[in-house]
Amino acid sequence: MKFFIDTANLDEIKQAHQLGILSGVTTNPSLVAKEGVNFHERLKAITEVVTTGSVSAEVIATDAAGMIEEGKELAAIAPNITIKVPMTLEGLKAVRAFSELNISTNVTLVFSVNQALLAARAGATYVSPFLGRLDDIGHDGLELISKIAEVFDLHGISTEIIAASIRHPQHVTESALRGAHIATIPFQVIRQLVQHPLTDAGIERFLSDWEKTKKS
Ligand code: E4P
């Protein structure tokens, strides 16, 4: 499973990129609004840091024609921009059009196997099931990952599954075990993935033992 970062914060993207683990970035209108920056300028800056991996940029229009127009403008910013399209009837039409234009797409706000299957058949490059938001309403987000992975595998579908709306490290481990191709993760969760109390205790013990050798 590959790692994407789920943020529009440039500093976080740079820090994650320096770790050498980053295969892409996802943004959404809420994440961009939080930054209070010009969307196109921020996307350009992100693609200058992450030069090869996919950078998802979401359309705001709700009709297919509007989505296609917006998506073409966003795709012109850099060759690694992926157009993020909401899972609606109009969204599916736009995904088909982008697929014919060889523009990659990420179908977002996926909450069922049927939605994922429809998106894949419309030509989506990626589908993004939202784990955390399903868990929030008492459903099992991880179970959805398992089912989408099973259906895609059964029918030879090459659309990649991005586990999204990740809230904690266990979501990451379980997404990998259940067959997600990618997890898009907030920066604070990436930091949590690195940490283990036994690693900290081990470093402390090695350093104190090393200090003792100097005294003997
Ligand atoms: C994915 O592409 C979305 O940006 C994101 O994972 C949404 O997560 P949230 O439910 O924490 O807003």
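The following paragraphs lead through the fold, the strands, two helices, the core and the ligand shell of this structure.

The model is a predicted one, in which local features require pLDDT of at least 70 and side-chain atom pairs count only at pLDDT 80 or more, whereas totals for chains, interfaces and linings use all residues. Residue numbers start from 1 along each chain as its sequence is written.

The chain contains eleven helices and eight strands; these are DSSP runs numbered from the N terminus, with helices being H or I runs of at least four residues and strands E runs of at least two. Its C-alpha trace spans about 75 × 40 × 30 Å along the principal axes. Of the 216 residues in the chain, 38% are buried. A residue is called buried if 20 or more other C-beta atoms lie within 10 Å of its own, exposed if 12 or fewer do, and partly exposed in between, with C-beta atoms placed from the backbone. Among the contacts with a separation of 6 or more, 56% are between residues 24 or more positions apart; a contact requires the C-beta atoms of two residues, placed from the backbone, to lie within 7 Å.

The strands β2, β3, β4 and β5 can be followed through their pairings, where a pair of strands requires at least two DSSP bridges between them. β2 and β3 are parallel and share three bridges, with Val25 bridged to Val55 of β3. Val55 also has Ile81 of β4 as a bridge partner, and β3 and β4 pair in the parallel sense over four bridges. β4 in turn runs parallel to β5, to which four bridges join it; here Ile83 has Thr105 of β5 as its partner. Five of the five residues of β3 are buried, so this strand is largely enclosed by the rest of the structure. Both of its faces are covered, since Ser54, Ser56 and Glu58 on one side and Val55 and Ala57 on the other are all buried. β5 is likewise largely enclosed, because five of its six residues are buried.

β5 also holds Leu109, a residue that is not a glycine yet has a positive phi of about 65 degrees. Most residues other than glycine have a negative phi. Leu109 is partly exposed, with 19 other C-beta atoms within 10 Å.

Two helices show how burial is distributed around an axis. In helix α3 (residues 39-49), the buried residues are Arg42, Leu43 and Ile46. They lie on the same side of α3 because they cover an arc of only 100 degrees around the axis, the arc being that of the directions from the helix axis to the C-beta atoms. The face turned away from this buried side carries the exposed residues Glu41 and Glu48. The buried residues of α3 pack against α1 (10-18), β2 (22-26), α2 (29-35), β3 (54-58), α4 (64-75) and β4 (81-86).

In helix α6 (residues 113-122), Gln115, Ala116, Ala119, Ala120 and Ala122 are buried. Their arc of only 160 degrees around the axis puts them on the same side of α6. Among the elements covering them are α5 (89-100), β5 (105-110), β6 (126-129) and α8. Just after α6, Gly123 takes a positive phi of about 110 degrees.

The largest nonpolar core has 53 residues, of which Ile83, Val95, Ala119, Val127, Ile161, Ile162 and Ala163 touch the most other members. Such a core is a set of buried Ala, Val, Leu, Ile, Met, Phe, Trp, Tyr and Cys residues joined through C-beta atoms within 7 Å. Helix α8 (residues 141-154) supplies the largest share of this core, six residues. Beyond its neighbours within four places in sequence, Ile83 is in contact with Ala57, Val59, Gly71, Leu74, Ala75, Phe98, Ile103 and Thr105.

The ligand is surrounded by Asp6, Thr26, Asn28, Thr108, Ser128, Phe130, Gly132, Arg133, Ala164, Ser165 and Thr184, a residue being near it if its C-beta atom, placed from the backbone, lies within 6 Å. This shell has two nonpolar, seven polar and two charged residues; Ala, Val, Leu, Ile, Met, Phe, Trp, Tyr, Cys and Pro count as nonpolar, Asp, Glu, Lys and Arg as charged, and the others, Gly among them, as polar. Ser165 lies in the loop between β7 (160-163) and α9 (169-177). Although not a glycine, Ser165 has a positive phi of about 55 degrees, and it counts as buried with 21 C-beta neighbours inside 10 Å. Thr184 belongs to strand β8 (residues 182-185) and is buried, with 27 other C-beta atoms within 10 Å. Not counting residues up to four places away in sequence, Thr184 touches Phe4, Ile5, Asp6, Thr26, Ile162, Ala164 and Ile166.
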